[in-house]
Amino acid sequence: MKSIINLKQALLFSLILSANGMFAQEIIPDEVPETKEVVEEPKMVKDSLVSPGAKKIDGVAAVIGEYIVLESDVVKTKLQLQAQGVSTADFTDCELFGKLLEDKLYAHQAVQDSIIVSDIEIQSYVDQQIQSFLQQTNGSMDALLKLYNKEDEKSLRDEMFEVNKSQKLAQEMQQKIVEDVEVTPEEVRVFFNNVPKDERPTFGTELRVAQIVVEPQVTQEEKDKVIERLKEMRADVLENGASFRSKVVLYTDDGASRANGGLYTLNRKRPKMVKEFRQVAFSLKEGEISEPFATEYGYHIIYLEKIRGQEYDVRHILLMPKVSDEEIAKAKEKIEKARAELESGEITFAEAAIKYSDEKETKYDGGQLINPSTQDYNFELTKMDPELYGQIQNLKDNEISTILKDQDRTGKIKFKILTVSDRVDEHEANYAQDYLKIKDLALGDKRLKAVEKWQKETISDTYIKINGDYRNCEFASNWLKK
């Protein structure tokens, strides 16, 4: 269990380090061999290149393949963690340095394995980060450049691009290492039985939540109107050479992708976006624009910009049919009727879900919500989504909530009622009751071992040079190749 806890801490730490991406270094240029000589013979550099009285600004702490870690990177890492409210007292400089070495090893091997990441996607990340950072300086680019000690915006963007690209490569490499790791029921049982009873985890109070959702209906006339508008946009791009990206900025209802021209990168092996969207995207050829099609979010057209192996760079325009006030009133009346029948005892919640709910994922399952983290029905109280917790926190078991009006990021309106259908108090892990959670722990343990095995083999086959005081660190991995 301790190894599992350490794994989770490592994964959390990894997410923290990748959150802002401002403390790693770029790929060394083609003059790497000369740089390696300098690293191995620091006295020659000092005697021949450094004038008397010169002040040292930075130094190469490590070389891993084609990547470097500077001495300043550890300091930057610590400052970034502190800025995010993380106590750096829990991490030594050697531990932070070791984590940077791991990231560089992943990125280096990703290059060796010909893993490709989208420059367009990386640039999109940089744009989003710049906007986020500007909020911290009240929109002042000059203040931002001073904060990160950069002469101009281009140099800041260039460094951020290389940092984000390195981190993306590392993430893809980590995913590749563990993507085929699975556990059998027997392995889960053995894993659980090997955990001493006094070390078994305690799971907090868990709830089961059910809901009935009613959505205002869109008229066929409004749907046809939206489809026709999308057809006109498609024709304008194909026949008149209009800019698809400009139309995204002007017309799309997908606010999350408007800033980057409606761009999404899809991977055939890792599903992203709803099924209907993926099916259309993967059926296109480069340069093609789809006919209008529907998803639960509205109507789309997709432009396939680039295919890179398993990855597809696509841009899309989303138009959402408008819902009339009359239809909104009908939807509210419908859910009021459902709630009245539940309160009077005329119908059970499961029966009401089948009769009234418009949410196809839950209506035939008693309205039960599935926890996206565990894929079961239980929601641990302390880990529940804040919005959902706010909606059910005052409900007693089997009590029906008041009618809630929801509006998602696209502006889509729906009404819902909720109930807490079951409650499990805090308890020690039980194999039968908590199988899925124990399975996740067993899978994490097996993945950790796969990563350790990969690291051991890859370190031995990779050029690694550790300089200075960091050679005195006691690393978990054999970075010094002793």
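**Notes on a predicted model**

1. K446 sits in helix α17, which covers residues 435-460. This is a predicted model, and the points below should be read with that in mind. K446 is partly exposed, because its relative accessible area is 31%, and partly exposed covers the range between under 20% and over 50%. Its C-alpha lies 7.9 Å from that of E182, although 264 residues separate the two in sequence. Beyond neighbours within four places in sequence, K446 is in contact with V181, E182, V183 and E187. E182 thus appears both in the distance and in the contact list.

2. Now the chain as a whole. The protein chain has 482 residues, and 44% of them are buried. Its secondary structure comprises 17 helices and 13 strands. Take the contacts between residues at least 6 apart in sequence: 67% of these join residues at least 24 apart. The accessible surface of the chain is about 27,200 Å², with 49% belonging to carbon and sulfur atoms.

3. Strand β4 is a good place to start on the strands. β4 runs over residues 206-214 and is mostly covered, with eight of its nine residues buried. What is the sense of its pairing with β11? The two strands pair in the antiparallel sense, over nine bridges, and β11 spans residues 413-424. Two positions help to trace this pairing by eye. V209 stands opposite V420 in β11. A210 stands opposite T419 in β11.

4. β4 has a further partner. Strand β9, residues 378-380, pairs with β4 over three bridges, in the antiparallel sense. Which residue of β9 is the bridge partner of R208? The partner is N378.

5. β11 also has a second pairing to check. β10 and β11 pair in the antiparallel sense, over four bridges. Here D406 stands opposite K414 in β11. So far β11 has been seen pairing with β4 and with β10. One point applies to strands in general: in a regular strand the side chains alternate between the two faces of the sheet.

6. I413 belongs to strand β11. Leaving out residues up to four places away in sequence, I413 touches E215, P216, I328, K405, D406 and Q407. The C-alpha atoms of I413 and I328 are 8.2 Å apart, with their positions 85 residues apart along the chain. D406 is thus a contact of I413, and D406 also stands opposite K414.

7. Next, the second largest pocket. How much space lies in the second largest pocket? The figure is about 1,600 Å³. It is lined by 43 residues, and the closest to its centre are E215, E296, D408, K412 and K414. Several elements give two or more residues to the lining: β4, β6 (293-295), β7 (298-308), α16 (386-392), β10 (404-407) and β11. By type, the lining residues divide into 17 nonpolar, nine polar and 17 charged. Two names recur here. K414 is among the residues closest to the centre and stands opposite D406. E215, also among those closest to the centre, is touched by I413.

8. Two residues deserve a look for their backbone angles. M273 is not a glycine, yet its phi is positive, at about 75 degrees. M273 lies in the loop between β5 (263-267) and α13 (275-283). Is M273 buried or partly exposed? M273 is partly exposed, because its relative accessibility is 27% and the cut-off for buried is under 20%.

9. The other is N398. N398 too has a positive phi, about 65 degrees, although it is not a glycine. N398 is placed in the loop between α16 and β10. N398 counts as exposed because its relative accessible area is 55%, and exposed means over 50%.

10. Last, R278, which lies in helix α13. R278 is partly exposed, because its relative accessible area is 22% and buried would require a value under 20%. Its C-alpha is 8.5 Å from that of R268, ten residues away along the chain. Leaving aside neighbours within four places in sequence, R278 is in contact with P271, K272 and M273. M273 therefore returns here as a contact of R278, having appeared above for its positive phi.

Notes. Residues are numbered from 1 along each chain as its sequence is written. This is a predicted model: local features need pLDDT of at least 70, side-chain atom pairs count only at pLDDT 80 or more; totals for chains, interfaces and linings use all residues. Side-chain values use heavy atoms; hydrogens and water are left out. Buried means under 20% relative accessible area, exposed over 50%, partly exposed in between (1.4 Å probe, protein chains only). Two strands pair if DSSP finds at least two bridges between them. On a 1 Å grid over the protein atoms alone, a cavity is a set of points where a 1.4 Å probe fits but cannot get out, and a pocket is an open set with protein on both sides within 12 Å along at least five of seven lines; lining residues have an atom within 4 Å of a point. Grid points are joined across faces, edges and corners, and a volume is the space filled by probe spheres set on the points. Ala, Val, Leu, Ile, Met, Phe, Trp, Tyr, Cys and Pro count as nonpolar, Asp, Glu, Lys and Arg as charged, and the others, Gly among them, as polar. Contact means heavy atoms within 4.5 Å. Accessible areas come from the Shrake-Rupley method with a 1.4 Å probe; for residues, only the protein chains shown count as cover.
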